[in-house]
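Me: Could you take a close look at the second largest pocket for me? I'd like to know what lines it, and how the other empty spaces and the packed core compare on the same points.

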Amino acid sequence: MTKFDSAALLSPRANSADEGAIIRMSQRTRELRAAGQDIVALTVGEPDFDTPLNIREAAKEAMDQGFTHYSPVSGMPELREAIAAKLRSENGLAYQAANVVVANGVKQAINNAILSLIGPGDEVVILAPYWVSYEGSIKLAQGTPVVLHSNVAENYKVPTARIAAALTPATKLLIINSPCNPTGAVWNRAELEEIAVLVRAHPRLMVLADEIYEYILFDGEMISFGSLPHMLERTITLNGFSKGFAMTGWRLGYAAAPLPIAQAMGRMQSIVSAGANQFVQRAAVAALHGPRDEVETMRVQYQARRDFVLAQLRAIVGVVIADIPGTFYAFPDVSAFLGKKSGNHVIENTEQLCDFLLEQHGVSIVPGSAFGAEGSVRLSFAASSADLKKALARIATGLESLV
Ligand SMILES: Cc1ncc(COP(=O)(O)O)c(C=O)c1O
């Protein structure tokens, strides 16, 4: 009898889904730590702060009050209303509660949006360096990712002319993530207005505006793309609680969109999961209505770390890095070190460079190739000052040892 091979049954979709470099680096970090090695990990994009107390209290209270049942798929009415009110007052986005779809994290909101709009033959423009998951979602929907590149000299913002040149009649979505993971770039009003001109010229094009790092902003102004004239009907706005409110594990995010798209996103979510956890939604109402002082305290601490990390990286000869107006990531260009040697071993790409820094110098960071940007690496400064100090010293020693 031939041996049963379950791997042979996997769909092309499953075979093409890549778990990603961040997960690989985290896994290797765990293995090395389990073997007793001292590793500083700046791999994961996760606040090192606890969720503010008022939000935790609200969740506990809601649980005791019996908010432990199924929720309406698109979210509890009071949360959808609170989100719409936030988007109107803070972001200048004239959404109503019916436009809002609450999801189990922004990740799910992204998948809801892409699955609602994209199918075979549809193109989605993504601006590299980009957050890893967009490409996976587009492929899941059998759409075609069209990746446009930018570099450190351009402050990691693809010039509008290049975006214009990439748009075709098949382009349905353009993804803008500002503030941007992994680069920390923030798009200003003038730049976004140039993109709005393109959108007006392409009647089938929508913008997916991922604004999850809105509250982690140090310089400049947060502009929501949908707040630009006539852009609300051409935008799906994404935001959530993971980063600004330090609620990664709670799994709560949302999308807001024109009604037919919002309704389709709800249908997608009803197939894949269901409404988000009820007591988490109650806590999210408390987050939106409650004091923001802890959110601000976290932002100020990220800013101090940003200053430290930038200064340390700029002191390493060969490292080139743009300013970081938002997020908790640094994305230095380290291409000057590629082709150099550690002993007899030539470091050919950023994946090998990250392996070298992890295995030889005890610091875990992510290769730029994971973000469609070979030549750079990403490090998260959502970590303690002590860890950052240690990590930056190790990175400097490691890079300076290459010949
Ligand atoms: C740009 C961006 N969008 C979305 C997400 C996903 O957030 P959530 O935890 O709400 O799924 C992340 C998380 O790293 C992110 O960096």
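Reply: α2 is the top contributor to the lining of the second largest pocket, giving 4 residues. Keep in mind that this is a predicted model. Besides α2, the elements that put in two or more residues are β1 (40-41) and α13 (385-401). The lining has 19 residues, and R33, A41, L42, T43 and V44 sit nearest the centre of the pocket. By class you get 7 nonpolar, 5 polar and 7 charged residues, around a volume of about 310 Å³.

On to the largest pocket, at about 1,300 Å³. Here 45 residues form the lining, with E19, K107, W131, V132 and S133 closest to the centre. α2 (21-34) turns up again, supplying at least two residues, as do α1 (12-16), α5 (106-117) and α6 (133-140). The biggest share comes from α6, with 7 residues. The lining of this largest pocket splits into 16 nonpolar, 16 polar and 13 charged residues. As for where it is, domain 1 (6-50 + 294-401) and domain 2 (68-289) both contribute lining residues, so the largest pocket lies between them.

Then there are the closed spaces: 5 cavities of 30 Å³ or more. The largest of these has a volume of about 120 Å³. Its lining counts 17 residues, and L127, P129, N177, C180 and W187 are the closest to its centre. Two strands, β3 (123-127) and β5 (171-177), each bring at least two residues to that lining, with β5 giving the most at 3. In the lining of the largest cavity, 13 residues are nonpolar, 3 polar and 1 charged.

Now for the packing. The largest nonpolar core has 73 residues, and those touching the most other members are I114, I236, L313, L353, I365 and L399. Domain 1 and domain 2 both give residues to this core too, so it lies between them. A second core, of 32 residues, lies apart from it and includes F67, A84, V100 and F245.

I114 is a good residue to zoom in on. Leaving out residues up to four places away in sequence, I114 touches Y134, S137, I138, A141, L173, I175 and L208.

Terms used
Residues numbered from 1 in each chain as written. Predicted model: local features only at pLDDT ≥ 70, side-chain atom pairs only at ≥ 80, totals over all residues. Heavy atoms only, no water. 1 Å grid on protein atoms, 1.4 Å probe; cavity = no way out; pocket = protein on both sides within 12 Å on 5 of 7 lines; lining within 4 Å. Points joined across faces, edges and corners; volume = space filled by probe spheres on them. Nonpolar A, V, L, I, M, F, W, Y, C, P; charged D, E, K, R; others polar. Core = buried A, V, L, I, M, F, W, Y, C linked by side-chain atoms within 4.5 Å. Buried < 20%, exposed > 50% of the residue type's maximum accessible area, 1.4 Å probe, protein only. Domains from an automatic or database assignment. Contact = heavy atoms within 4.5 Å.
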